[in-house]
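User: I would like a close look at a single part of this model, the sheet, and at what is packed around it. Please take me through it in one connected account.

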Amino acid sequence: MRFLISIALLMSSFMVFAGGKTTEVFTLDHQMAPTCQKKITANLRFEKGIVKIETSLKENTITITYDNEKTNTEQIIKAFKKIKFNAFVVKPESESRAEDNKK
């Protein structure tokens, strides 16, 4: 019984310290078409550290959740370039407002 409790505690502590996940929204320098959407999801899912990819044709955005201990924004942008897309991080709305208020 003590053995099982020890294993459970060890596993739960491992999950807590197992690295953080970050979600960022990217956009392309052109309007995304359905074929672009397929190409992005088919290729980026193999990049190290990427956990989840969601695309929106209507908003022309790609939302990527990744393990920030395995990859970062710069690596993801390089992955877009490998498949011939220029991607940019979309600023969160709160950051845009903060910049407007400074002016």
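Analyst: What follows is a walk through the sheet, strand by strand, and then through its surroundings.

The model is a predicted one, and its secondary structure comes to four helices and four strands. Read from the N terminus, the elements follow one another as α-β-α-β-β-α-β-α. The four strands make up an open sheet in the order β2-β3-β1-β4, and the pairing is antiparallel. Strands β2 (50-56) and β4 (87-89) are the edges of this sheet; each has a single partner strand, so one side of each is left without a neighbour in the sheet. From one strand to the next, the twist averages 30°. As background to the pairings described below, strands of a sheet pair through backbone hydrogen bonds, in either a parallel or an antiparallel sense.

It is convenient to start at the β2 edge. Strand β2 is joined to β3 (residues 61-67) by six bridges, and these two strands run antiparallel. One point of reference on this seam is Ser56, whose bridge partner in β3 is Thr61. Thr55 is also placed in strand β2, and with a relative accessibility of 22% it counts as partly exposed, since the limit for a buried residue is under 20%. If neighbours within four places in sequence are left aside, the contacts of Thr55 are with Met32, Gln37, Thr41, Thr61 and Ile62. Thr55 can also be located relative to Cys36, from which it is 19 residues away in sequence and 9.9 Å away in space, C-alpha to C-alpha.

Moving inward, β3 is joined to β1 by seven bridges, again with the two strands running antiparallel. Thr65 is a useful residue to look at here, because it belongs to strand β3 and is buried, with a relative accessible area of 16%. Beyond its neighbours within four places in sequence, Thr65 touches Lys21, Thr22 and Thr23, and it is also in contact with Gly49, Ile50, Val51 and Lys52. After β3 the chain enters a loop that leads to α3, and Asn68 lies in this loop. At 38% relative accessibility Asn68 is partly exposed, and outside its neighbours within four places it is in contact with Gly20, Lys21 and Thr22. Between Asn68 and Ile50 there are 9.0 Å in space, C-alpha to C-alpha, for a separation of 18 residues in sequence.

On the other side of the order, β1 pairs with β4 over three bridges in the antiparallel sense. Phe26 takes part in both of the pairings made by β1: its bridge partner in β3 is Ile62, and in β4 it stands opposite Val89. A search of the whole structure finds one aromatic pair, and it is formed by Phe26 and Phe80, whose rings are tilted with 5.7 Å from centre to centre and 45° between the planes. This pair links distant parts of the chain, as Phe26 is in strand β1 and Phe80 is in helix α3, 54 residues apart. Both Phe26 and Phe80 are buried.

Two helices lie across the sheet. Helix α2 (residues 34-44) lies across β1 (21-28), β2 and β3, and runs at about 175° to β2. Helix α3 (residues 73-82) lies across β1, β2, β3 and β4, and its direction is at about 40° to β1.

For the chain as a whole, 26% of the 103 residues count as buried. Of the contacts between residues at least 6 apart in sequence, 61% join residues at least 24 apart. The accessible surface comes to about 7700 Å², and 57% of this belongs to carbon and sulfur atoms.

Some caution about confidence is in order. The mean pLDDT of the chain is 80, and 70% of the residues reach 70 or more. Over residues 3-18 the pLDDT stays under 50, and the model has two contacts beyond four places in sequence for this stretch. The pLDDT is also below 50 over residues 96-101, a stretch that likewise has two contacts in the model beyond near neighbours in sequence.

Terms used:
Residues numbered from 1 in each chain as written. Predicted model: local features only at pLDDT ≥ 70, side-chain atom pairs only at ≥ 80, totals over all residues. Heavy atoms only, no water. Pairing = 2+ DSSP bridges. Axes fitted to C-alpha atoms, helices over the stretch in contact; angles between N-to-C directions. Contact = heavy atoms within 4.5 Å. Buried < 20%, exposed > 50% of the residue type's maximum accessible area, 1.4 Å probe, protein only. Areas by Shrake-Rupley, 256 points an atom, 1.4 Å probe, with all protein chains shown as cover. pLDDT = per-residue confidence, 0-100. Phe/Tyr/Trp six-rings, centres within 6.5 Å; stacked < 30°, edge-to-face > 60°.
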